[in-house]
Amino acid sequence: MWRFTTAWDSDGHPLLHSLNGNVGRQVWVWDPAAGTPEQRKRVEELRQRFVDNRLTQKHSSDELLRLQCEGRRQSGPFPVDKAGMGSSGAVPAGTVEGALRNGISFYEGLQADDGHWPGDYGGPMFLMPGMVIALYTCGVLDSTLSKEHRAEMVRYLRNHQNEDGGYGLHIEGTSTMFGTALTYVTLRLLGVSPDDAQMEAARAWIHARGGAHNITSWGKFWLAVLGVHSWDGLNPMPPEMWLLPYSGWTGVGWLHPGRFWCHCRMVYLPMSYVYGRRGTCRPSALTEALRQELYPMPYDSIDWNKARNMCAKEDLYYPHPLIQDVLWWSLYRFGEPLLLGSRLRKRALAECMKHIHYEASYFIICRALSWRAVLADCMKHIHYEDENTRYVDIGPVNKVLNMLSCWFEDPDSEAFKRHLPRLFDYLWVAEDGMKMQGYNGSQLWDTSFAVQAIISTGLGSEFAGCLKRAHDYVEQSQVIEEAQAPLSEYYRHISKGAWPFSSRDHGWPISDCSSEGLKAALALAQMDPNLVGAAIPAERLYDCVNVILSYQNWDGGWATYENKRSFEALEVLNPSETFGEIIVDYNHVECSSACITALTAFGKQFPEHRAAEIARALKRGVSYIKSIQRPDGSWYGNWAVCFTYGTWFGCEALAAVGEGWANSKHAKAACAFLLSKQRADGGWGESYLSCQDKEESGDWPQQHISGVFNRNCMITYANYRNIFPVWALGMYRTKVLQHK
C-alpha cells in the first residue's frame with residue numbers, strides 16, 4: 001500500500017542535502033505491510049470508482065491521502081442545522097459556525113506533522129514523459145523507479161486517456177499530439193505492449209494526424225533525445241545565445257536569455273545544452289520499434305526539414321509568426337552547420353552548464369585544462385541552479401533536463417547521482433495513479449492561505465494547535481540567506497527574507513508567495529504566542545518587505561519571480577506553440593494585489609518602517625491594478641480559473657487601501673461584474689460539474705481543475721476545495737453576521 005510521508009531528515013539519505021531537515025518534503029513510499037485489510041480493500045474501491053467515472057470526472061479527489069489521515073482529526077464532526085437554508089434571508093449564525101468548525105476540524109486532520117498541508121499538484125500530462133525518457137536515456141529507469149512506481153504510473157496514464165484514444169495537454173484537455181505521442185512513448189518505456197487496446201487507440205489517433213513529427217517543439221525535443229525523431233527536425237536552440245552581451249546599451253542585450261522569465265530560461269538553458277551536443281539515447285530494440293510505431297510512413301522517408309515547423313492543429317495555441325520562421329530557417333540553414341562541433345559551440349555549452357550546476361573548486365581545477373576549461377565554465381551555470389535548490393530545481397521540466405545534462409557531461413558524476421532521489425519530490429499518488437506534479441508541491445502557498453482562512457473565522461483560538469504547527473512551517477520555510485554570489489552572474493534576484501511557493505530547499509522566491517507568507521506571519525503575530533508560538537522576528541519581516549519593494553516594476557505592477565527585464569514584444573520569439581506569455585516575466589493582478597495587501601498589513605503593525613517608500617509603492621500599485629481592470633469590471637486571473645479568481649484579487653487590493661462599493665467606481669464595477677455572474681442557486685462557478693454523493697464530514701467535494709499557467713495549461717490545487725469555503729464562510733461570519 002502506498003504511504004505518504006513528510007520526509008523530515010529523509011532517513012539520512014547520503015545524497016540529499018537540506019537547509020532545514022527536509023521540512024516540507026513530500027514523498028510517497030511503497031510499503032507492502034502498510035494498511036489494514038479493510039483499508040486496502042477501500043483503496044481498490046476508490047480506484048475502481050475513478051475508473052468507472054473517469055470520462056466524466058477526470059479529476060481525482062486525493063482520496064488516498066484522506067484515507068491515510070482518517071483518525072487524525074482532533075475534534076468533530078459537529079452537527080450542522082441546515083433547516084431553512086433553501087429559503088431567502090441570512091443563514092443563521094449557529095449554522096455557519098457549525099459548518100466552520102466542521103470544515104476546519106476536518107482540514108486539521110489533513111495537516112502534516114511539520115505543519116504544512118500536503119496535496120495533489122498534478123494536472124499537466126507532459127511532465128512524466130520527460131522524466132521517463134530521461135531515465136531511460138541514462139540507463140537507470142528500472143533501478144530508479146520500482147515496479148510499483150512503474151505500475152502506478154501506467155495506471156495514471158491509462159486513466160487519463162480520452163474517449164477518442166488521445167491524451168490532452170492536461171487531464172481535462174482535449175487530445176493533442178503533444179500529450180498523445182509522449183504518453184504513448186512513456187507507456188512503451190514502462191513496459192506496455194503495442195498490441196494493448198489502449199495503445200492501438202492512441203497510435204491510431206497519432207497516425208490519423210500524420211504522425212508524431214506533427215508534435216510541438218518540446219515534444220520534438222524529447223523524441224529526439226530518445227532517438228525516435230531526427231535532430232534535423234527541430235528548429236535550432238543554439239546555446240550560443242548565452243554568449244550574447246547582457247547589457248541593454250548594446251541593443252542585442254535585450255534579447256539575452258538572462259532577461260527571460262526564469263521558468264523559460266531555466267528550461268531552455270539545459271535544452272540548449274542537450275541540443276548543442278545532440279545528446280541522444282543509445283539505440284535499442286525498443287527505440288527502433290518506436291520509430292516504426294509513431295509514424296504512418298517509413299521513418300527514413302520523413303522530410304525532417306519540413307517537419308521543423310509542422311504542428312498538429314489540436315496543439316497550436318501560439319502559432320509561429322513569420323519572423324520566427326525566417327530566424328529558425330536562417331539558423332538551421334547557415335548557423336548550425338558552422339556551429340556544431342566548433343570551438344564556439346564548446347564555449348557555449350560550457351556557459352550553459354555554468355548556470356545549471358555550480359561547484360567552484362571543480363571549475364578552478366578545470367580552468368587549467370585548455371578548451372575543457374570553457375566547457376567547465378559553461379557547465380557552471382547548470383550546476384548553479386542545482387546547488388542552489390538542493391537539486392530540486394525550479395520546476396519538473398528543468399529538473400529532468402538538468403539531470404540529463406549532468407549525465408551527458410559525466411554519467412558517473414556526483415551531480416547526476418544527487419538528482420535521482422529528488423525526483424520523488426515531484427511524484428504524487430491518488431486514486432487515479434501516480435503523477436508528476438507541476439512543482440515539488442504548493443506547501444507554503446497553501447499553508448499561508450490556510451492560516452489566513454482559519455484566522456478570518458474568528459475561531460482561531462479553538463484550533464491553536466493547528467495554527468502553531470502551521471506557524472512553525474511558515475517560519476522554517478522563509479529564505480534567510482541569498483543564493484550563492486555573484487547573483488548578477490547567474491541572473492538571480494535577491495532572495496533573503498522572501499518565501500517560496502513550496503519549501504525552503506526549493507528556495508526560489510516569488511512576489512505573491514512572499515506576500516502571502518508575510519500576511520500569514522503578521523496574522524499569527526496578532527494571536528497569543530502561548531497558543532501559536534512566538535512571532536517571527538521583525539528583522540526577518542523587514543527583509544521580506546525589502547524583497548517585495550524590490551519586485552515592483554516601473555509601471556507599478558508586480559510580476560512573479562523577478563522584475564520585468566525586457567520588452568513584452570519579445571513574445572514574438574515564443575517557440576513553444578503550446579504556451580502563451582512565457583518569454584518575459586509579466587505583471588499579474590494576483591501578484592500585484594498580494595504585494596499591495598501585504599504592504600498594507602505590514603504598515604499597520606510597523607507604521608514607522610520605510611513608511612514613505614511603502615506609501616509610494618502602494619499608490620503606484622493601486623494605479624496599476626485599476627489600469628488593467630477590464631471594461632466589464634473584472635480582472636483576468638492568470639494562475640487559476642479565472643475571472644472570478646482575478647476579480648477577487650483586484651477587489652482585495654482596492655479594499656486594502658480603503659476603496660469599496662461606496663467610494664470607488666472600480667470597486668463598484670467589480671461588484672457589478674460578480675453579481676451579474678451569480679448563479680440561480682446563489683453560488684458562483686466557472687466550471688459547472690461537481691462530484692456527487694458526498695457525506696457530511698466537513699470536507700468539500702473535488703470539482704474541476706482550478707489552476708492554470710501560461711494561459712493554456714491547467715493544474716491542480718487540491719487544497720483549494722477546503723481553504724476557500726472556510727475563508728468565505730469565515731468572512732461572512734466576521735464581516736456580515738457579527739457586524740449585524
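## Following the salt bridges

This predicted model holds 34 salt bridges. Side chains of opposite charge can pair when their charged atoms come close. Let's walk through a few of these pairs.

Start with E152 and R47, which form a salt bridge whose closest N and O atoms are 3.4 Å apart. This one links distant parts of the chain: E152 sits in helix α6 (residues 147–159) and R47 in helix α1 (residues 37–53), with their positions 105 residues apart in the numbering. How much of each partner is accessible? E152 has a relative accessibility of 3%, so it counts as buried. R47, at 9%, is buried because the cut-off is under 20%.

Next, take a look at helix α3 (residues 93–108), home to both E97 and R101. The two are four residues apart, about one turn of the helix, and they form a salt bridge with the closest N and O atoms at 3.8 Å. E97 has a relative accessible area of 22%, so it is partly exposed.

Now move along to R504 and E481, a salt bridge with its closest N and O atoms 2.3 Å apart. Both residues lie in the loop between α21 (464–477) and α22 (511–525), so the pair ties together parts that are 23 residues apart in sequence. The accessibility values here are 5% for R504, which counts as buried, and 36% for E481, which counts as partly exposed.

Finally, salt bridges can also share partners: that is how R25, R422, D425 and D505 are joined into one network.

Key
Residues numbered from 1 in each chain as written. Predicted model: local features only at pLDDT ≥ 70, side-chain atom pairs only at ≥ 80, totals over all residues. Heavy atoms only, no water. Salt bridge = Lys/Arg side-chain N within 4 Å of Asp/Glu carboxyl O. Buried < 20%, exposed > 50% of the residue type's maximum accessible area, 1.4 Å probe, protein only.
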